[in-house]
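User: I have a model open and want the reasoning behind its labels. Can we go through them one at a time?

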Amino acid sequence: MLERALDAGEMPATRQLMDAEGYEIHRYRCGVPSTTPFAQAGILYGDNSEIPSFRWWDRERQVLVKFGAGSTFKKVADKYFQGSNPLTQDGACIAACYPAGAKDTFGIAYQDRSYVQPGKSRSAASVLVPYLANPVHLGDWVSQTARVVARTARDLTTSRSEGHHPARTYVFTDVVEEIFIHHLTRYTVEKAMREGYSPIYAGFYAFDETAHAFGPSDPAARRILKHVDHSIARIAKARRDRYELVVLSDHGQVDSIPFKLADTMPRGPRVTASGGLAHIYLDDVGRRLDFSEVKAKRADVVDWLQSRPEVAVVMAREGAQDVLFFNGPQLGAYDDEGILRAQLSRLNSFATCGDLVVFGAFRGGKQVNFENQAGGHGSIGGEQLHPFVLAKKEWRLDTGRVNGAHELHPVLCDLRDTLIT
């Protein structure tokens, strides 16, 4: 998607970084699940174990763990990242899923403004008030609001007229994200640079939200990249001579076909859906069931999953052994078979996984998605597994053997330490 936008002249500031400053695109694999919490944990801490998706059921604490609006990760956060080397230790971490050792998050976390504990960081209000008090920012916000609302309404109407089915929830979320949070995050990054924080990590989600709403191949998603490119230009200009810039994605996106797994399968199990991935929990016994126990308890669920064309792969565990069965192509149809099998086996080793882990079918370049999304990620197949790092050639980054976001962490930490010293 980045390369297509660059070739089409839709991201001129990013192209300028490549032409004038020697930036180049480094491909890597984010691993499975290709979700933001999993990938960001790997990038920021080098440890994304026991983060099996965007949502999961914590058997020990009997809580649905989820990110986004109403995030509950704080209820289990003490169980994670012990002894890690956070990427933003003593710096700033803005609009991310986790604080990652930062001195300040400026009160802005990923879709949850109350994540940071009082006393450890300034509040979002302390950033928001001066932002809105500046007439330039306020005017920019108002004008952007009018343009974006009009454009989004037009995109929604056009998409429907062409027979597409945009996800209405994400259409609204996209408007809020692009108009407000994206601008506020960019302002906060510039503020963090003025105040001398180092290193600084920030998440921008406008493209992700738009792709969820319309699909990543839709013209609406392509247009939003111009907005992202404008923010890259603003931040690049604000560097002056004090900061270096790395641009990266934590996962990719694919067009998807919604299928409400939880509403159609046999009743009883708890289902947590995250894009084209779902975890199925059959019993609250405090541990993950072996596949033989699953079949003994709910053979009807197993048989139903095996009969559904919307399901590509079902994964379970029998002792220390992986159990996989396929309704369609084998793993080699989705990615390098050896790499993908290792990624799945690592995920399958997580005690937090469901008793059954279900992956939606991938047909004709589209992923069956267990949420109401026109575009998604979290599963296997297509570009969702293949993000990028945009970095200077002179830094000699090697991401060719990075097959999981947690393996990108030491690459970035080494670059951080080299640049700081």
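User: Which residue in E16 is the bridge partner of His 26?

Analyst: Val 389 is the partner of His 26. Bear in mind that this is a predicted model.

User: What makes E1 and E16 a strand pair?

Analyst: Pairing takes at least two bridges. E1 and strand E16 (residues 388-392) are joined by 5, so they qualify as a pair. The two run antiparallel.

User: Why are E1 and E6 said to stand at the edges of the sheet?

Analyst: The order is E1-E16-E6, in an open sheet of 3 strands. Strand E1 (23-27) and strand E6 (247-248) each have a single partner strand, so one side of each has no neighbour in the sheet. Helix H2 (residues 12-21) lies across E1 and E16, at about 110° to E1.

User: Why is His 377 called buried?

Analyst: Buried means under 20% relative accessible area. His 377 has 9%, so the label fits. The residue is in the loop between strand E15 (375-376) and E16. Its contacts include Ser 34, Asp 208, His 212 and Gln 384.

User: What makes the pairing of the His 377 and His 212 side chains a polar contact?

Analyst: The cut-off for N or O atoms is within 3.5 Å. These side chains are at 3.3 Å, so the distance passes. The side chain of His 377 also reaches the backbone oxygen of Ser 34, at 2.7 Å.

User: Why is Gly 268 called exposed?

Analyst: Exposed means over 50%. Gly 268 has a relative accessible area of 66%, so it is exposed. Its place is the loop between helix H9 (261-264) and strand E8 (270-274).

User: Why are H7 and H8 called roughly antiparallel?

Analyst: Angles over 145 degrees earn that term. Helix H7 (residues 206-214) and helix H8 (residues 219-238) pack at about 170°, so they are roughly antiparallel. Their axes are 9 Å apart. Among the residues that meet are Phe 207 and Phe 214 in H7, and Ile 224 and Leu 225 in H8.

User: How do you know that the length of H11 agrees with the expected span?

Analyst: Helix H11 (residues 337-348) has 12 residues; at 1.5 Å a residue they should span 16 Å. The end C-alpha atoms are 16 Å apart, which agrees. At the start of H11, a side-chain oxygen of Asp 336 reaches to within 3.2 Å of the backbone nitrogen of Gly 338.

User: What covers the buried residues of H11?

Analyst: The cover includes strand E10 (311-318), strand E11 (321-326) and strand E12 (356-360). Among the buried residues are Ile 339, Leu 340, Gln 343 and Leu 344.

Notes: Residues numbered from 1 in each chain as written. Predicted model: local features only at pLDDT ≥ 70, side-chain atom pairs only at ≥ 80, totals over all residues. Heavy atoms only, no water. Helix = DSSP H or I, 4+ residues; strand = E, 2+ residues; numbered from the N terminus. Buried < 20%, exposed > 50% of the residue type's maximum accessible area, 1.4 Å probe, protein only. Contact = heavy atoms within 4.5 Å. Axes fitted to C-alpha atoms, helices over the stretch in contact; angles between N-to-C directions. Expected span 1.5 Å × (residues − 1). Polar contact = N/O pair within 3.5 Å; in protein donor to acceptor, adjacent residues only side chain to side chain. Parallel < 35°, antiparallel > 145°, perpendicular 65-115°, else oblique. Lists of a residue's contacts leave out its neighbours within four places in sequence.
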